[in-house]
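Student: Could we go through this one by asking how each label is earned? I'd like the cut-offs next to the values.

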Amino acid sequence: MSDPDIPIPATARVKLDRAALVANWSALDRLSGKAKAGAAVKANAYGLGVLDVVSCLLAAGCEDFFVANWQEAREIEDLTAGRAAVSVLNGVQKADMPFASRSPAKPVLNSLEQVQRWLPTARPCDLMINSGMNRLGINVADLQPDILTGLTIDIGMSHLASADEDGPQNIGQLACYKAALEILPVCRTSLANSAGIALGEDYHFDVTRPGLSLYGGIQRSELEKVVRQVAALQAEIIQVRTLAVGDKVGYNAQYIADRPHPIAILAIGYADGYLRGFSGRGIFRHGDAKLPVLGRVSMDMVAIDLSHAPDLSEGDWVDCVYDLPTASAQSGLSQYELITGLGNRLSREWS
């Protein structure tokens, strides 16, 4: 039987910067003006590790956290109970009620059915308005005051669909949301996500809900100078080999050497979230040396060109160019997909 106490080192990892995470939240809180910034920590804090992220942000002063479902609410309950509010964005289904009615977290009620389901609990909730995204939320036309009688609504919120762009949908959603607030008996208001914060004071209300930009994502130019990279991807070289002219690399021979040169095989692939969009496009680095990805990214491995770092050998580590805007441009994948897709085989190491 194997010894569970013998450590098994990872061959690829995500280096995570606590100071950058806290700095991003603090910067977004300042940009929120009179509003207070919360934090979207759904999907395991966008793949970075929700317990570590929530602990950091609690210490920084964050008082509102937003998760997708009740499993995620339970995961952070011990950390947040009595210290911060937790909102469950997907609302409350019938099957959720045994847990949700006892949880300190609040459901974000998304339908009139959910309103009726929650009313007998006499417990606080949030409420989502559909201001034009047509995903979750109650239409303004369906908001009748008598339907909401007896509800204790903490945050009346809506969600911007196109805040990363300048366009009429933002203005239309803002107007629709304001119309809903004329009807809703709420304690607090919330509309802006990360990109929405950059739209300005009119969109801030009482609570902002940054997500991607907490973790290094930049959706608008206004955020470029304030958002720092949080996650840095690194991989170990597991083999070095030298190609001759005409040698082919990887599946379907997507790279064919036109000169003799060394390459390295890295222990990382699309099963780790380094997706096939980086095939022939991605970049690794060692110091100032640029090490392009050669051929197709496979499930567990990727090949890189060592022409500018010929002294690298098995066991050495290289850095992936993985700041989210740059990696998105390289791969054609969204910044959201890139960060939430980082696989479980990657160790998370906080500095």
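Tutor: What follows is a set of questions about labels, with answers.

Student: What should I know before we start?

Tutor: This is a predicted model, where local features need pLDDT of at least 70, side-chain atom pairs count only at pLDDT 80 or more, and totals for chains, interfaces and linings use all residues. Residues are numbered from 1 along each chain as its sequence is written, and side-chain values use heavy atoms, with hydrogens and water left out.

Student: Why is Asp64 with Arg188 called a salt bridge?

Tutor: A salt bridge needs a side-chain nitrogen of Lys or Arg within 4 Å of a carboxyl oxygen of Asp or Glu. The closest N and O atoms of Asp64 and Arg188 are 2.9 Å apart, so the pair fits the rule. By that rule the count comes to 11 salt bridges.

Student: What makes this pair a tie between separate parts of the sequence?

Tutor: Asp64 lies in strand 4 and Arg188 in strand 10, so the pair ties together parts that are 124 residues apart in sequence. Strands here are DSSP runs of E with at least two residues, and helices are runs of H or I with at least four, both numbered from the N terminus. Asp64 and Arg188 are also linked with Lys106, Asp126 and Asp154 in a network of salt bridges.

Student: Is Asp64 buried or exposed?

Tutor: Buried means under 20% relative accessible area, exposed means over 50%, and partly exposed is in between (1.4 Å probe, protein chains only). Asp64 has 3% relative accessibility, so Asp64 counts as buried. Arg188 has a relative accessible area of 22%, so Arg188 is partly exposed.

Student: How do you know that Lys15 and Glu349 form a salt bridge?

Tutor: Their closest N and O atoms are 3.3 Å apart, so they meet the cut-off. Lys15 sits in strand 1 and Glu349 in strand 20, 334 residues apart. Lys15 is at 33% relative accessibility, so Lys15 counts as partly exposed; Glu349, at 29%, is partly exposed too.

Student: What makes Asp272 buried?

Tutor: Its relative accessible area is 4%, so Asp272 gets that label. Asp272 lies in the loop between strand 15 and strand 16.

Student: Why is Asp272 with Arg345 called a polar contact?

Tutor: A polar contact is a pair of N or O atoms within 3.5 Å; within protein, one must be able to donate a hydrogen and the other to accept it, and residues adjacent in sequence count only if both atoms are side-chain atoms. The side chains of Asp272 and Arg345 make theirs at 2.9 Å, so the distance passes.

Student: What makes the phi of Ala122 stand out?

Tutor: Most residues other than glycine have a negative phi. Ala122 has a positive phi of about 55 degrees although it is not a glycine. Ala122 lies in the loop between helix 7 and strand 7, and its relative accessible area is 64%, so Ala122 is exposed.

Student: Where is Asn134, and what is its phi?

Tutor: Asn134 lies in the loop between strand 7 and strand 8. Its phi is near 55 degrees, a positive value in a residue other than glycine. At 60% relative accessibility, Asn134 counts as exposed.
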